[in-house]
Amino acid sequence: MTFIQKQRNILDVALCSLLRRKGKNLSLVAAYVFVIFLLSSVMFITDALKREASFVLKDAPEMIVQRLVAGRHELVPTAYAKVIGKIRGVQSVSPRLWGYYYDATNGANYTLIVHQDLITSPGSIMVGRGVARHLPAGGNGTIPFKACDGSYLFLEIRSVLPSESELVSADLVLMSEPDFRRLFQMPEGYATDLVLRVRNVRELSTIAAKVVQLLPDTRPVSRDEILRTYDAVFSWRSGLVIVIFAGTLSAFLILAWDKATGLSAEEKREIGLLKAVGWETSDVLLMKFWEGMAVSLVSFLTGIILAYVHIFFTSASLFKPALKGWAVLYPDFRLTPFIDGQHAATLFFLTVVPYTAATIVPSWRTATMDPDSVMRS
Amino acid sequence: MIEIKNIRKVFNAGKTNEFAAIDGVSLQVDSDRITVFKGPSGSGKTTLLSILGCMVRPTSGRIEVNGREITSLPERFLAEIRRSGFGFIFQQYNLIRGMTALENVMIPSYPTGERRSSLKKRAVELLVLFNVPHKAGSRVEELSGGEAQRVTIARALMNNPRFVIADEPTAHLDTKLSREFMDIMLGLKTEGKTILIASHDPVVCDSIAVDRLVGMRDGRITTVDDRR
């Protein structure tokens with residue numbers, strides 16, 4: 001009981017001491033909050049993007065087969081599907097049609113994909129939210145596409161894609177096969193690539209080898225390779241903000257160092273006085289510990305909450321330039337709120353612990369001197 | 001009782017500006033008495049009081065408080081002796097700015113772990129005793145010199161110490177307030193406290209409350225005038 005009461009009494013003095021230097025401590029808290037805000041924003045967005053990537057690739061095919069001509073991606077004959085389908089272990093092979101289209105009116109690139117749901121309804125399309133947002137107000141719900149022969153194809157929007165993963169679907173247009181072939185003058189019997197489902201994923205490398213053996217002009221790409229590519233993309237995005245992370249961490253270290261090396265004459269005198277009236281060195285250090293904890297905990301929690309709001313409620317508005325990518329249709333995605341406990345704990349130990357230690361060290365130096373010497377200095 | 005034997009305190013030892021603030025002083029301070037150390041600036045009064053109050057360790061010599069040798073005690077034991085045995089009244093008051101008078105009075109007792117309500121009750125009683133209860137909630141920078149002095153005395157008595165040490169307590173007070181201060185010291189003496197004062201103020205040195213006047217110069221005791 002005495003122990004708890006002592007802690008309460010000393011905490012009381014510590015808080016009082018913080019309030020007495022309101023201006024200095026508020027500016028310190030502001031800088032600290034900003035640092036934590038940036039660091040945790042980076043942490044949140046990195047983790048959330050990785051989750052987003054895994055969500056996107058959850059249903060990706062185990063393997064894609066492309067055709068190469070002179071090292072370039074070329075249309076693949078759909079007849080290849082029959083050859084590949086006969087390989088032992090291959091469950092299914094289906095041709096896929098997709099490509100890019102530049103809309104001069106909006107100045108935007110669309111990603112066009114043939115979707116099986118639209119097979120029976122040519123003339124209809126499903127679009128991503130980015131495409132929908134850029135449609136002219138008061139339009140009749142159709143988009144004119146300029147075909148390769150110069151004619152126009154008016155396609156009616158049947159629905160807008162859900163925003164679960166707008167980061168990758170913002171510029172998406174799903175259309176029927178006839179419309180796609182007409183738009184690009186793509187001959188029948190050819191597809192952009194082939195997607196494979198296999199019975200046992202451990203046989204992927206064997207199947208890939210057999211595909212290349214049977215069809216030497218093809219390139220099989222497994223899901224693991226796609227995952228690595230996506231990871232590299234998201235890591236690149238993380239990599240861009242990691243520069244902010246490193247810079248901010250450096251700023252924090254400077255802040256902590258400044259605190260560690262600086263103790264005002266008034267603070268020193270106070271420590272001397274407390275020692276003179278009977279406070280032990282450990283009591284003074286306890287007070288400074290509470291001061292450091294109060295500043296760093298308040299700053300840490302405020303910074304974390306602000307970062308959470310920033311990333312998950314304002315869609316990382318400050319990081320948008322880094323997330324826009326090459327598409328003109330910028331995603332307006334809402335990341336699924338997610339905090340990696342281990343990362344949060346790491347951030348806590350990287351900031352709160354060193355800051356609190358930095359608060360205690362100069363006080364310890366002063367508190368171990370004779371109170372008389374401190375008060376005279 | 002405090003007894004010091006052949007105390008020497010050297011500052012800046014080994015440097016070109018080395019000097020001995022106290023140079024071989026031996027003295028016995030009797031209980032329940034007011035002892036005043038008198039001397040010009042730089043005579044070593046304040047340093048001697050700091051040594052007597054366990055605020056600074058002597059370079060050499062021995063100190064005994066109530067028969068217990070304390071010179072070689074670790075810092076935490078000295079802190080405990082300061083907290084329970086000594087009350088300090090500083091020349092500059094040394095009240096913590098930004099805190100109220102009441103909080104300043106309570107400060108020495110915080111590490112004891114005593115309940116805050118009980119500390120507050122005792123602190124208020126002390127402020128009442130020294131006629132400044134109405135200033136309990138005032139910040140110390142709002143207090144006059146006399147009020148600050150009284151708050152300082154209240155703080156010194158918060159842990160009910162056996163010894164009260166006052167360093168130039170009347171330096172910032174007028175004659176009337178200085179006399180009032182000596183009256184308070186006399187009252188404390190009659191309650192059984194041992195008072196040690198460093199001063200060259202005639203109001204203090206000539207006060208009838210003083211039992212012993214110790215003259216100092218250049219870190220040495222020059223005269224001892226026992227008035228009782």
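## Nonpolar cores

In this predicted model, the largest nonpolar core holds 113 residues. Five of them touch the most other members: B:Val105, B:Leu127, B:Val151, B:Ala154 and B:Ile165. The largest share of this core comes from helix H2 of chain A, residues 22–56. H2(A) supplies 13 residues.

B:Leu127 shows what such packing looks like in detail. Leaving aside residues up to four places away in sequence, B:Leu127 touches B:Ala101, B:Leu102 and B:Val105. B:Leu127 also touches B:Val132, B:Pro133, B:Ala136 and B:Ala154. Two of these partners, B:Val105 and B:Ala154, are themselves among the residues that touch the most other core members. A second core, separate from the largest one, has 33 residues. Among them are A:Leu172, A:Leu174, A:Leu194 and A:Val198. In soluble globular proteins, nonpolar side chains tend to be buried together.

## Chain A overall

Chain A has 377 residues, and 34% of them count as buried. The chain contains 13 helices and 13 strands. Now take the contacts in chain A between residues at least 6 apart in sequence. Of these, 83% join residues at least 24 apart.

## Helices H10 and H12 of chain A

How do H10(A) and H12(A) cross? Helix H10 of chain A spans residues 281–312, and helix H12 of chain A spans residues 341–367. Their axes come within 9 Å and cross at roughly 150°. An angle over 145 degrees counts as roughly antiparallel, so H10(A) is roughly antiparallel to H12(A). The crossing is right-handed.

The H10(A) side of the contact includes A:Thr281, A:Val284, A:Leu285, A:Lys288, A:Phe289 and A:Phe300. From H12(A), the residues include A:Phe348, A:Val352, A:Tyr355, A:Ile360, A:Trp364 and A:Ala367. By class, the contact residues divide into 12 nonpolar, 7 polar and 2 charged.

## Where chain A touches chain B

How many residues of chain A are in contact with chain B? There are 24, and they meet 24 residues of chain B. Four elements give two or more residues to the chain A side: helix H1 (2–20), helix H9 (265–276), H10 and helix H13 (371–376). H1(A) gives the most, with 9 residues. H10(A) thus has two roles in this report: H10(A) meets H12(A), and H10 of chain A also gives residues to the side that touches chain B.

The chain A side of this contact has 10 nonpolar, 6 polar and 8 charged residues.

Technical notes. Residues numbered from 1 in each chain as written. Chains lettered and ligands numbered in written order. Predicted model: local features only at pLDDT ≥ 70, side-chain atom pairs only at ≥ 80, totals over all residues. Axes fitted to C-alpha atoms, helices over the stretch in contact; angles between N-to-C directions. Parallel < 35°, antiparallel > 145°, perpendicular 65-115°, else oblique. Left-handed = near helix turned anticlockwise from the far one by under 90°. Contact = placed C-beta atoms within 7 Å. Nonpolar A, V, L, I, M, F, W, Y, C, P; charged D, E, K, R; others polar. Core = buried A, V, L, I, M, F, W, Y, C linked by C-beta atoms within 7 Å. Buried ≥ 20, exposed ≤ 12 C-beta atoms within 10 Å, placed from the backbone.
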